[in-house]
Amino acid sequence: MKRSAKARLILDILEDFYPETPPPLDHENPFQLLIAVLMSAQTTDKKVNQVTPELFRHGPDAKSMATLEVNHIQEMIREVGL
């Protein structure tokens with residue numbers, strides 16, 4: 001069996017065992033996923049998912065997040081250790 005055929009077979013087997021799963025971080029757009037990933041470096045995904053609904057309600061995208069007071073953002077994400 002050629003290397004490329006063997007590699008394809010292995011990839012097919014792995015894809016069957018590990019189908020595509022969504023990231024464990026709740027988000028509605030790429031900006032929110034980026035913010036959630038950055039916060040998850042400090043704490044668990046579970047804790048990030050508890051904090052982000054309120055944060056994303058006030059700042060669902062970069063433009064609206066930029067209008068928020070820094071102190072307000074800090075209050076909303078305090079629980080993740082930032």
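**Exercise 1.** Locate R78 relative to helix 5, and decide whether R78 is buried or exposed.

*Solution.* R78 lies in the segment after helix 5, where helices are DSSP runs of H or I with at least four residues, numbered from the N terminus. The model is predicted, so that local features need pLDDT of at least 70 and side-chain atom pairs count only at pLDDT 80 or more, while totals for chains, interfaces and linings use all residues. Residues are numbered from 1 along each chain as its sequence is written, and side-chain values use heavy atoms, leaving out hydrogens and water. Because its relative accessibility is 57%, R78 counts as exposed (over 50%, against under 20% for buried and partly exposed in between, with a 1.4 Å probe and protein chains only). The C-alpha atoms of R78 and V51 are separated by 8.8 Å, although the two residues are 27 apart along the chain.

**Exercise 2.** Determine how helix 3 and helix 5 are oriented, and which residues meet.

*Solution.* Helix 3 (residues 45-58) and helix 5 (residues 70-77) pack at an angle of about 155°, with axes 9 Å apart; the axes are lines fitted to C-alpha atoms over the stretch in contact, and angles run from 0 to 180 degrees between N-to-C directions. Helix 3 is therefore roughly antiparallel to helix 5, a label for angles over 145 degrees. In contact (heavy atoms within 4.5 Å), V51, E54, L55 and H58 of helix 3 meet H72, I73, M76 and I77 of helix 5.

**Exercise 3.** Classify E75 as buried or exposed.

*Solution.* E75 belongs to helix 5, and its relative accessible area of 55% makes E75 exposed.

Conventions
Helix = DSSP H or I, 4+ residues; strand = E, 2+ residues; numbered from the N terminus. Parallel < 35°, antiparallel > 145°, perpendicular 65-115°, else oblique.
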